[in-house]
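Dear colleague,

Please find the structure below. My notes on the core, a surface patch and one serine follow it.

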Amino acid sequence: MLKSYVIVISGVTASGKTTLIQELSHKLPDCSLISFDDYSIDALPSAPPIDTPIQEAVNQYDISMLMDDFLKVYNKHHFILVDFPFGISMTH
């Protein structure tokens, strides 16, 4: 059974996420690209205020369409490249 490697590129707006996954797609065989910019992702009606710390604001946005597309290609391509503007740095 084919297993997908998922590479998620996270960064601030206009940091080059989409450009990076597009360039990576030319180097990696059998890729599927999922770009956050291709979706209309709105805050859920139940979303907390924008200044809520990220640890408390989980599931603030509706990413169901993005996830539907992800699941359509998962384990059907060797690599899935995703650009996603939300992330958290964790240091130990």
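**Core, patch and Ser4**

Setting aside residues up to four places away in sequence, Ile34 touches Ile21, Tyr39, Leu66, Asp69, Phe70, Val73, Ile80, Leu81, Val82 and Asp83. Please keep in mind that this is a predicted model.

Ile34 also belongs to the largest nonpolar core, which has 10 residues in all: Ile34, Phe36, Tyr39, Ile41, Leu66, Phe70, Val73, Ile80, Val82 and Phe84. At least two residues of this core come from α2 (64-73), and at least two from β3 (79-84).

On the surface, Val6, Val8, Met67, Leu71 and Tyr74 make a nonpolar patch of about 420 Å². Here β1 and α2 each supply at least two residues. Val6 is located in strand β1. With a relative accessible area of 36%, Val6 counts as partly exposed because the value falls between the 20% limit for buried and the 50% limit for exposed.

Ser4 sits in the segment before β1 (5-10). Its relative accessible area is 12%, so Ser4 is classed as buried, the cut-off being under 20%. The Ser4 side chain makes two polar contacts with backbone atoms: one reaches the nitrogen of Asn75 at 2.7 Å, and the other reaches the oxygen of His77 at 2.6 Å. Apart from neighbours within four places in sequence, the residues in contact with Ser4 are Val73, Tyr74, Asn75, Lys76, His77, His78 and Ile80. Of these, Val73 and Ile80 are also members of the nonpolar core, while Tyr74 is part of the surface patch.

Regards

Notes
Residues are numbered from 1 along each chain as its sequence is written. This is a predicted model: local features need pLDDT of at least 70, side-chain atom pairs count only at pLDDT 80 or more; totals for chains, interfaces and linings use all residues. Side-chain values use heavy atoms; hydrogens and water are left out. Helices (H or I, at least four residues) and strands (E, at least two) are DSSP runs, numbered from the N terminus. Buried means under 20% relative accessible area, exposed over 50%, partly exposed in between (1.4 Å probe, protein chains only). A polar contact is a pair of N or O atoms within 3.5 Å; within protein, one must be able to donate a hydrogen and the other to accept it, and residues adjacent in sequence count only if both atoms are side-chain atoms. Contact means heavy atoms within 4.5 Å. A nonpolar core is a set of buried Ala, Val, Leu, Ile, Met, Phe, Trp, Tyr and Cys residues joined through side-chain atoms within 4.5 Å. Patches are made of residues with over 30% relative accessible area and no salt bridge: like charges are joined within 9 Å, nonpolar side chains (Val, Leu, Ile, Met, Phe, Trp, Tyr) within 5 Å. Accessible areas come from the Shrake-Rupley method with a 1.4 Å probe; for residues, only the protein chains shown count as cover. A salt bridge is a side-chain nitrogen of Lys or Arg within 4 Å of a carboxyl oxygen of Asp or Glu.
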